[in-house]
Amino acid sequence: MRKGKLVFGAALACACAVLLAFQLGAEDSPEAEGPLTRRPDVIRIDTMQANATLQLPPVTFKHDAHTEALAQKGQPADCTTCHAFDEGQLDPAMKNVAGKGYDTAKKVFHDTCIGCHTTRHEENRSTGPLDGQCRSCHVEDPQTVAQRQDGGFKKVLHARHVASKDIAFKDKDKNCGSCHHKYDEAQDKLIWAEGEEGTCRYCHGETTQDDVRALPEAAHTQCLSCHRSLIEKDKESGPLSCQGCHGEQGRKEITENNEKYLEKLSDGLPRLERGQPDHTLLFAASNATQAEGDNNGELAMKPVAFNHKAHEQKADTCRECHHAAMDSCQSECHTLTGAKKGEFIRLEQAMHEPQSERSCVGCHAREQQRPECAGCHDNPVKKPQQDSCAQCHAAPTGPDGQPLGMKALAEMPDEKLEQMAAASFEARPRADTTYAEKDIPEEVTIKVMADEYKPATFPHRKIVNKLMEGVKDSGLATAMHSGKDTICSSCHHNSPASKKPPKCASCHGKPFDPNTPLRPGLKAAYHQQCMGCHTRMELEKPAATDCASCHPKKDAQ
């Protein structure tokens, strides 16, 4: 954050005005050929074509350039030149345009823009096109296009706002109510959504619906109005220009300030205060039990002890899991059979779809794509382990040692449920160690194919220990690797896990058979396994084409 001058107050304010309230299509341009200039403040004013055919191409409007021009010679940019304010809140729309017809809107734009240009021209100040110079603004193929970075509000930036002493909500000791609101019908106004705070996206969609503003319009109105009011009070404030939030330099400054804030926190980033538990138990009733409407039936699955606190530390926002609401996934959206509100994605799919960015399995799969994990987890010939479900799904037991049923879990107090979840989570088997050093062969000499080359010496123990170092540094790996032999299962991929797995030749000893295409011959199996792992782990040495680095070439006879 930085102290700013009101000269930039109109910058993003006007940008939002044209961009959002006008519903202007600010195209995020892909890389294109030609001498194109890319700016975060470019807005295409084309809103009027929704009501009539435009006589000329849409205007390419450079928002920051205009507010900077208005701020020359110490004169502050005045947002009211283009925008209205309602009870201190900036209206992103061009004033006097909403609800008007095509001709009226056209006149407002021309009178405002050309009128300002004319005034500045008469004052011998730099200005834009004048009356009659239509094609200077209405350009068919503009060479300046919009390119914006995501102005994401991640948890570090959120924490900085929570900690600010300048945006406290009325007489409360928390800042939450300054941003998080809901509509109260009885009072006919927005009030603090105390205890119900969530991302703006839960209410504000991509387009305006009824009286609920579209997300871009709502976010810019809220943020810009707050930033502007702080600047008027000579307080520390966030950006007001398009560049400040959506430009490369602006995002860089925000990132640097986030890092400086983190350096000051001796205990790390504080948790969001939403009443969430450290641990919780995820469970669901079977279809039959749900149909009967009682809690006496069976569980649809064995419960999952979930470490909520640990996952918070890894996620940038709550939306990474709670993408549509802060409620339980299965409450309304992802039921066992699917519901319209959840796009008929069943609970099982929501939790386990490997290609989804929101599911448990999908999130874990992304972590497995890191180079230190990919050598094993991206192995195309490795089969899923049939017992992997049990690593998460385990039935908690009661005082009598018997598994708890749906009724007992449903009626259990939240505090007791959290305690049981924590105990169940800690009781999971973890594999942060493997077999003793003496049980791991130091080297394996591969000589069954030695002909043109000498036998290859495989540093077996060194590789196992290196892989285990990566496991120890990963909370996910230590939680999901369930046994001492887990680390062995990628190379010894289709054999029962054991301290002494069978040799590769026991499966790949025969030449390649087209009838079993997934079982290559021994030479191909070795090279596919070793070279594939090196590639996935991004190892520079030994290079896949450097044969002699693994098995030296025999001396000429």
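Rings of Phe, Tyr and Trp (its six-membered ring) count as a pair when their centres lie within 6.5 Å, with planes under 30 degrees apart called stacked, over 60 edge-to-face and the rest tilted. In this predicted model, local features need pLDDT of at least 70 and side-chain atom pairs count only at pLDDT 80 or more, while totals for chains, interfaces and linings use all residues. Residues are numbered from 1 along each chain as its sequence is written, and side-chain values use heavy atoms, leaving out hydrogens and water.

On that basis the structure holds 1 aromatic pair. The ring centres of Phe169 and Trp192 are 5.7 Å apart and the planes stand at 70 degrees, so this pair is edge-to-face. It ties together distant parts of the chain, 23 residues apart: Phe169 is in the loop between helix H4 (155–163) and strand S7 (181–184), and Trp192 is in strand S8 (residues 189–192). Helices (H or I, at least four residues) and strands (E, at least two) are DSSP runs numbered from the N terminus. Both Phe169 and Trp192 are buried, that is, under 20% relative accessible area (exposed is over 50%, partly exposed in between; 1.4 Å probe, protein chains only).

Another ring has a charge for company: the charged end of Lys553 sits over Tyr453, 5.0 Å from the ring centre (NZ of Lys or CZ of Arg within 6 Å of the centre and within 35 degrees of the ring normal).

Then there is the packing. The largest nonpolar core (buried Ala, Val, Leu, Ile, Met, Phe, Trp, Tyr and Cys joined through side-chain atoms within 4.5 Å) has 12 residues, including Ile43, Met48, Phe61 and Phe109. Strand S2 (42–45), strand S3 (59–62) and helix H3 (102–122) each give two or more residues to this core, with H3 supplying the largest share, 4 residues.
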